[in-house]
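Me: Could you take a close look at one part of this protein with me, the place where neighbouring strands pair up? Once that is clear, please carry on outward to the loops, the charges and the surface, in one connected answer.

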Amino acid sequence: MGIVGAGVIGAGWAARAAHCGLDVIVSDVNPEMCDWLFGTARDAGEMLGKLTEGISMPERGRIDFTTELTDLAEGADFIQECVPEVLELKHAVLGEVASLTSEDIVIASSTSGFMPSDLQAGLNHPERILVGHPFNPVYLCPLVEVVGGKETSSGASATARRLYESLAMHVLIVRREIPGHISDRLQEAMWREILHLLADDIATTGELDESIVYGPGLRWAAMGMNQLYMMAGGQGGARRFMEQFGPALELPWCNMKAPQLTESLIDRFVEGTSDQSAGRSIRELEAIRDECLVEIQKVLARHDVGAGRTLNAFGRKLRAADDQ
């Protein structure tokens, strides 16, 4: 597997792929990213080992780093692009990768919001280019949105699905391309409301996060909002819920248009999240987050729900392969 870009997302992909037995070559124009890549692989490997305890994993793959895109193109049978979220940059990098690889090599972009049709336009063999959008940390969050563009072939999408499933991921096929795909559009709606509440001095960043962490966030690890709202209707189910809470949609409970991103609002966000960190580094916070994600998924696996179901399915698949 080839990965273009060794930042947070690219390094996360590399850690997950290597843990699942794939050899990985990562390319980045900045040679200093090599240290970040292997630091992430080290920390992620420890967490992935805890997550997959009890599963007979394949031999760990190796991770190589290069600053030459030609090296990656020559050695990869599937390529995941993870460069910064700038359309012109992504299009240029994808174009270079497409020109260096044969037409049977599928190229996926990790883009959070660009549509694949815009990314593949004018590129060499655009039918093998699509979006494979993961979630941070890629090595522990199993969701990946697969989105095909106007010229993406069904074969390319099928290849991407097989590759991602071999990495213990839950593949969500987005049936029609749209900016932001599915999950990021939902997150964006909440993010905009958070900024409004912050800008209007209704709550601090810490209080806003508390409103999620201690309430709906606990439920979302196991069930989505639609299923949870159906259950809130009691014996009357979804219809009763809609009858009871549907009229609230007419009330001014939220703001969907984003607030003006003033320097004051940016400062409030930066200062609030700094206070929440309480002096802990990003690596320290990542370690806390990762341990929680491991333990949550293991609990979910005992009940075969949510991300735990994906983990169980991956284990069964590996056991079946060993029995053959």
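Reply: Happy to. In this predicted model, His 133 has Glu 145 of E7 as its bridge partner. That pair belongs to a ladder of four bridges between strand E6, residues 129-133, and strand E7, residues 143-148, and the two strands run antiparallel.

Strand E7 has another neighbour to offer. With strand E8, residues 170-174, E7 pairs in the parallel sense, this time over five bridges. If you want a residue to click on, try Val 146, which stands opposite Ile 173 of E8. So which directions does E7 take part in? E7 is antiparallel to E6, while its pairing with E8 is parallel. As background for reading any such ladder, side chains in a regular strand alternate between the two faces of the sheet.

Now follow the chain through the connections. The loop between E6 and E7 holds Pro 137, and the peptide bond that joins Asn 136 to Pro 137 is cis, with omega at about 0 degrees. If you plan to set up a calculation from these coordinates, that is the omega value you will find there.

Further along, the loop between helix H6 (154-165) and E8 contains Ala 168. What is unusual about the backbone of Ala 168? Its phi is positive, about 65 degrees, although Ala 168 is not a glycine. Ala 168 is also buried, because its relative accessible area is 11% and the cut-off for buried is under 20%.

Asp 201 gives you a second positive phi to look at: the value is near 60 degrees, again in a residue other than glycine. Asp 201 sits in the loop between H7 and helix H8 (205-213). Is Asp 201 buried or exposed? Its relative accessible area is 56%, and therefore Asp 201 counts as exposed; the cut-off for that word is over 50%.

From there, step back into helix H7, which spans residues 183-199. The side chains of Glu 188 and Arg 192 meet there in a salt bridge, with 3.1 Å from N to O. Why does the spacing along the helix make sense of this pair? Glu 188 and Arg 192 are four residues apart in H7, so about one helical turn separates them. Glu 188 is partly exposed at 33% relative accessibility, and Arg 192 is partly exposed too, at 29%.

How many salt bridges are there in total? The count comes to nine. Another of them joins Arg 42 to Asp 43, where the closest N and O atoms are 3.2 Å apart. Arg 42 is exposed, with 56% relative accessible area, whereas Asp 43 is partly exposed at 29%. For a contrast in setting, go to Glu 81 and Lys 90, whose closest N and O atoms are 2.5 Å apart in their salt bridge. Both Glu 81 and Lys 90 are buried. Glu 85 joins them as well, as Glu 81, Glu 85 and Lys 90 are linked in a network of salt bridges.

The last stretch takes us towards helix H12. Asn 255 lies in the loop between helix H11 (237-245) and H12, and Asn 255 is partly exposed at 35% relative accessibility. Asn 255 and Leu 195 are 60 residues apart in sequence, yet their C-alpha atoms are 9.7 Å apart in space.

Helix H12 itself covers residues 263-277, and it takes part in a nonpolar surface patch. Trp 191, Leu 261, Ile 266, Phe 269 and Val 270 make up that patch, with an area of about 430 Å². H12 supplies the largest share, three residues. One of the patch residues, Val 270, is found in H12 and is partly exposed, with 47% relative accessible area.

Charge gathers on the surface as well. Glu 263, Asp 267, Glu 271 and Asp 275 form a patch of negative charge there. Glu 263 belongs to H12, and with 56% relative accessibility it counts as exposed.

Notes. Residues numbered from 1 in each chain as written. Predicted model: local features only at pLDDT ≥ 70, side-chain atom pairs only at ≥ 80, totals over all residues. Heavy atoms only, no water. Patch = residues over 30% accessible without salt bridge, like charges linked within 9 Å, V, L, I, M, F, W, Y side chains within 5 Å. Areas by Shrake-Rupley, 256 points an atom, 1.4 Å probe, with all protein chains shown as cover. Salt bridge = Lys/Arg side-chain N within 4 Å of Asp/Glu carboxyl O. Lys, Arg positive; Asp, Glu negative; His and termini not counted. Charge placed at Lys NZ, Arg CZ, Asp CG, Glu CD. Buried < 20%, exposed > 50% of the residue type's maximum accessible area, 1.4 Å probe, protein only. Pairing = 2+ DSSP bridges.
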